[in-house]
Amino acid sequence: METELLAELRALKHRVPHLAGGLVASVDGLLVAHDTHGTEPSGLAAMTAASLGLAQRLADTTGQGDFRESLVRGEHGYVATYAAGGSCVLTMLAHPDVNVGRLHLEARRSAQRIAALLTDALAPKEPREVV
């Protein structure tokens, strides 16, 4: 499964110019897969979980419903986080000249594919009949 998640991260980087990297993390902050160069992925996964908790609470408190995504704009670029099912999140790092609309469009699609991959991987397998 990690190979498929990594392939999705790399495909997203290919579709959106000016992405610096990304990762998939559990909502508990555990690293699942990453394609980050120059950024320590385990620490980023943990920080993603911390910011996710705050974002979820903010959305809930203001009546906005379940968390879907968040975007942080810094002086040197963006950190975008997207819900990938109920148990994981997709976090992307982008340079300041990224097309934010394109990032949202493509990352939302990738988050859905990642959620499907995780669901398939965690689904109970039916026993095969031995003949």
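**Exercise 1.** In this predicted model, decide whether Glu106 counts as buried or exposed, and find its salt-bridge partners.

*Solution.*
Step 1. The relative accessibility of Glu106 is 8%. Buried means under 20% relative accessible area, so Glu106 counts as buried.
Step 2. One partner of Glu106 is Arg102, and the closest N and O atoms of this salt bridge are 3.6 Å apart. Both residues belong to helix H3, where four residues, about one turn of the helix, separate them. Arg102 is partly exposed, at 35% relative accessible area.
Step 3. Glu106 also forms a salt bridge with Arg109, with 3.8 Å between the closest N and O atoms. Glu106 and Arg109 are three residues apart in helix H3, again about one helical turn. Arg109 is partly exposed, with a relative accessible area of 40%.
Step 4. Through shared partners, salt bridges join Glu8, Arg15, Arg102, Glu106, Arg109 and Arg113 into one network.

**Exercise 2.** Identify the residue that forms a salt bridge with Glu8, and state which helices the pair ties together.

*Solution.*
Step 1. Glu8 forms a salt bridge with Arg113, and the closest N and O atoms lie 3.1 Å apart.
Step 2. Glu8 is in helix H1, whereas Arg113 is in helix H3 (residues 100-122), so the salt bridge ties together parts that are 105 residues apart in sequence.
Step 3. Glu8 is buried, at 11% relative accessible area, while Arg113 is partly exposed, at 35%.
Step 4. The count for the model comes to eight salt bridges.

**Exercise 3.** Compare the span of helix H1 with the expected value, and locate its buried residues around the axis.

*Solution.*
Step 1. Helix H1 covers residues 2-15, which is 14 residues. From its first C-alpha to its last, H1 reaches 20 Å, close to the 20 Å expected at 1.5 Å a residue.
Step 2. The buried residues in H1 are Leu5, Leu6, Glu8, Leu9 and Leu12. They cover an arc of only 155 degrees around the axis, and therefore lie on the same side of H1.
Step 3. Thr3 and His14 are exposed on the other side of H1.

**Exercise 4.** Describe how strands S1 and S2 pair, and characterise the turn of their hairpin.

*Solution.*
Step 1. S1 (residues 19-26) pairs with S2 (residues 31-36) in the antiparallel sense, over five bridges.
Step 2. Leu23 has His34 in S2 as its bridge partner.
Step 3. The two strands form a hairpin with four residues between them. In the turn, Gly29 has a positive phi of about 95 degrees.

Key. Residues are numbered from 1 along each chain as its sequence is written. This is a predicted model: local features need pLDDT of at least 70, side-chain atom pairs count only at pLDDT 80 or more; totals for chains, interfaces and linings use all residues. Side-chain values use heavy atoms; hydrogens and water are left out. Two strands pair if DSSP finds at least two bridges between them. The expected span of a helix is 1.5 Å times one less than its number of residues. Buried means under 20% relative accessible area, exposed over 50%, partly exposed in between (1.4 Å probe, protein chains only). The arc is that of the directions from the helix axis to the C-beta atoms. A salt bridge is a side-chain nitrogen of Lys or Arg within 4 Å of a carboxyl oxygen of Asp or Glu.
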